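Student: I have just opened this entry and would like a slow walk through it. Could you take me round?

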Amino acid sequence: MTSVGTHLKKIVNKPENWDFSGARSLYAGVDIGTYKAIVIVVDETGYPRAARMNRTEVVRSGLIVDYAGAVATVKEMIESIRARSPMPIEKGATSYPPRTEDANIHATRYILETLEIEVMQVLDEPTAANQVLSLENGAIVDVGGGTTGIAVIQDGDIVYTNDEATGGVHLTLTLAGHYKIDYEAAEKIKVNRKKHQEIIAIVRPVVEKIASIAAGYLEKFDRLDKIYLVGGTTELKGFKKIYSQMTGHETFRPPSPQFTTPLGIALSCLGGNQADRTYVEDVAV
Ligand SMILES: Nc1ncnc2c1ncn2[C@@H]1O[C@H](COP(=O)(O)OP(=O)(O)OP(=O)(O)O)[C@@H](O)[C@H]1O
Ligand SMILES: [Mg+2]
């Protein structure tokens, strides 16, 4: 038994660790974000068997702006997994940021159909994240590359969503300005965990801003005792603490928050039938 986040880290972009043995069917979850596109392939129990992730620049502010580029990157990832899989990968799901419904649902669906994947679900990102978190009451704040998605869940239903154009990009820009280096060099420093203590001191005002915008949306809801942070930007050590200090919310974060939404997309293919999951769910702390 292993934590699903640890397992995903072990298999993403590492074909030597992909294992399809004993799988009866396979489903692909496809998440095309501002920062990265990711494909997670799960079996009929929801266990991830293979995963690929590519940096991309095909999405801006939650909208696909380079459709051909999006198809090419997802195609490359799906084909590389299909090449190793003993059985066809013909079913999948994808997602869109909240409030971009009309523009994005069709585009993401077509991308999968172009790759001969039957689309079982197209769901909004917080709904996908909640496939993994299973919240009854609380909020999910997904701080990605270019956007922060917010969802409020009451009695198991998503009652409110919003999307804000703030995210990791703004932290990287702040670092680039501080160190007087280019964007890519700043990005490299930012994802280096050994540097997080130094980094958090520099980007604190931006993190506070992201937290205060999210808190503003959440203000009008009661029973919001628990906030779950997901998305790659919340990997930054110290992010969660600043968030909870700023907002007064009790705040949790799964150990591998960048995989929560894409894993949820893949799990949505199983419908409610996830009773025999063969892994330990990440415990958010
Ligand atoms: N270890 C890390 N420390 C700090 N930041 C990180 C780390 N890993 C990833 N990030 C940041 O997380 C962001 C990407 O998050 P995520 O993968 O959730 O985005 P996305 O889904 O592609 O974007 P969006 O949801 O905005 O469309 C990037 O800004 C990246 O720099
Ligand atoms: Mg995202």
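Tutor: We will go from the whole chain to the ligand shell, then to a hairpin and two loop residues.
This is a predicted model, in which local features need pLDDT of at least 70 and side-chain atom pairs count only at pLDDT 80 or more, while totals for chains, interfaces and linings use all residues. Residues are numbered from 1 along each chain as its sequence is written, and chains are lettered from A and ligands numbered from 1 in the order in which they are written.

Student: Okay, how many helices and strands are there in the chain?

Tutor: The chain has nine helices and twelve strands, where helices (H or I, at least four residues) and strands (E, at least two) are DSSP runs numbered from the N terminus.

Student: And what radius of gyration does it have?

Tutor: The chain has 18 Å, which agrees with the value near 19 Å that a compact globule of 285 residues would have; the radius is taken over C-alpha atoms, and the globule rule is 2.2 Å times the number of residues to the power 0.38.

Student: Switching to ligand 1, which residues come nearest?

Tutor: Of the 22 residues around ligand 1, the nearest are Gly33, Tyr35, Gly144, Gly168 and Gly232, and a residue counts as near if its C-beta atom, placed from the backbone, lies within 6 Å of the molecule. Helix 5 (168–179) and helix 6 (183–190) are the elements that give two or more residues to this shell.

Student: Where does ligand 1 lie relative to the domains?

Tutor: Ligand 1 lies between domain 1 (4–130 + 259–270) and domain 2 (135–257), because both give residues to its shell; the bounds come from an automatic or database domain assignment.

Student: New topic: how do strand 2 and strand 3 pair?

Tutor: Strand 2 (residues 36–43) pairs with strand 3 in the antiparallel sense over seven bridges, pairing being called when DSSP finds at least two bridges between two strands. Lys36 stands opposite Arg55 in strand 3. The two strands form a hairpin with four residues between them, and Gly46 in the turn has a positive phi of about 90°.

Student: Which residue that is not a glycine has a positive phi of about 60°?

Tutor: That is Glu116, in the loop between helix 3 (101–114) and strand 7 (118–124).

Student: Is Glu116 buried or exposed?

Tutor: Glu116 is exposed, with 11 other C-beta atoms within 10 Å; a residue is buried if 20 or more other C-beta atoms, placed from the backbone, lie within 10 Å of its own, exposed if 12 or fewer, and partly exposed in between.
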